[in-house]
Amino acid sequence: MDKKTYYNNQRRLRASSHIRELAGEVILSHKDLIQPLFVDEIIRERTVIPSLNEVYSDTIDTVLEQIEDDLSNGISKFLVFPVPSKKGDKDFDFSFVVSVIKKIKEQFGNSVWIAADACLCAYTTHGHCGVLDAAGSKILNGESVEVLSSYALQMAQAGADCIAPSDMMDGRIGAIRNILNEHGLDEVSIMSYSAKFSSQFYGPFRDACRSSPGKGCTVSDRRSYQISAFNPADAIASALRDIEEGADIVMVKPALPYLDIIQQIKEKVYCPVAAYHVSGEYQGLELLAKAGLLEREKAHLEVWASLKRGGVSIIITYAARHARNWIGKIIY
Ligand code: PBG
């Protein structure tokens, strides 16, 4: 039987917080959230990231304190971004992040779940997510995948529970799955940045990671490997392809401008879908809140609710560590 298509009194269901609570369908939980962490090799103490309100860069020591604190707020899943001190063109040194992951796992074991971002943009002199050709005019796919696979392997061997490749090269998921399996790391999962769009909303993150692209080369942006906002089919195809290659979780990023993509992917796949509410989206809300133009907590909760309606299981947000507190205070 068809659902009734009109009702004559909708306001009865909006009349009090009791009935709003009963009628609501979306349930938020801090357990669905992942907290990003920046660990910077250069700094000597915990440092404010000016472009990301209340988000800090940690040292290898302070990140342990941060995690301790986050655990006390019910947050146990993390996405780790290393900011290495040395940049190069090839033969990258991944030892810093390897020691970060080892230390975290030594201290916290399986009480934390560590996803390690696998990308080269914080390592390269030019800031691109892959290796450049000698002329500095194009990003080489095969070479990049090779380096990324060995990088992923090192992070998995260090104890990462999940590898999160954000480089957008073709074939990286299959290559990483293979190398992990060959080394007996078949329990390490892959969360692919499958639908990662070329976006204006990554600005604050690039500040934090010193990873803006284009220095000393002729490729000034990431449009030759990240997805165009004008090509939704490419995003859907990427997600389906990544699952076929072995991705366990597929991600859409940024989040809000791509709700339609989240919904379409969710309809087509049986694995969890994640959304990354990225730095620019986060900071936009923070700045509006600072200007007194919205209420910070409610704005973040509203965004998370919209992502849940869109169909995600997992939300990556810089405000994850506040979630339990904020969600506990929701007034419907
Ligand atoms: C690296 C990477 C980026 C983000 C996560 N991994 C930025 C980029 O592509 O420049 C963005 C995250 C954010 O903005 O919060 N490739």
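Author: A cavity is a set of points, on a 1 Å grid over the protein atoms alone, where a 1.4 Å probe fits but cannot get out. The structure holds three cavities of 30 Å³ or more. A volume here is the space filled by probe spheres set on the points, which are joined across faces, edges and corners. This is a predicted model: local features need pLDDT of at least 70, side-chain atom pairs count only at pLDDT 80 or more, and totals for chains, interfaces and linings use all residues. Residues are numbered from 1 along each chain as its sequence is written, and side-chain values use heavy atoms, without hydrogens and water.

Reader: What volume does the largest cavity have, and which residues are closest to its centre?

Author: Its volume is about 220 Å³. It is lined by 24 residues, and Phe 81, Asp 117, Cys 121, Ser 166 and Phe 205 are closest to its centre. A lining residue has an atom within 4 Å of a point, so these residues pass that test. Helix α6 gives the largest share of the lining, three residues.

Reader: How do you know which space the ligand takes?

Author: A molecule sits in a cavity if more than half of its atoms lie within 2 Å of its grid points. The ligand takes the space of the largest cavity, so it meets that rule.

Reader: What makes a residue part of the ligand's surroundings?

Author: One of its heavy atoms must lie within 4 Å of the ligand. The ligand is surrounded by 18 residues, and Lys 196, Arg 206, Lys 253, Ser 279 and Tyr 318 are the closest.

Reader: Why is the pairing of Arg 206 with the ligand called a polar contact?

Author: A polar contact is a pair of N or O atoms within 3.5 Å. A polar side-chain atom of Arg 206 lies 2.5 Å from a ligand oxygen, so the pair counts. Gln 226 has a side-chain N or O atom 2.9 Å from a ligand oxygen. For Lys 253, the partner is a ligand nitrogen, at 3.3 Å. The protein covers 100% of the 400 Å² of accessible area that the ligand has on its own (Shrake-Rupley method, 1.4 Å probe).

Reader: What makes a space a pocket and not a cavity?

Author: A pocket is an open set, with protein on both sides within 12 Å along at least five of seven lines. The largest pocket holds about 500 Å³ of space. It has 16 lining residues; Leu 301, Ala 305, Ile 330, Ile 331 and Tyr 332 are closest to its centre. Helix α10 (residues 296-310) gives the most to this lining, six residues.

Methods
A polar contact is a pair of N or O atoms within 3.5 Å; within protein, one must be able to donate a hydrogen and the other to accept it, and residues adjacent in sequence count only if both atoms are side-chain atoms. Helices (H or I, at least four residues) and strands (E, at least two) are DSSP runs, numbered from the N terminus.
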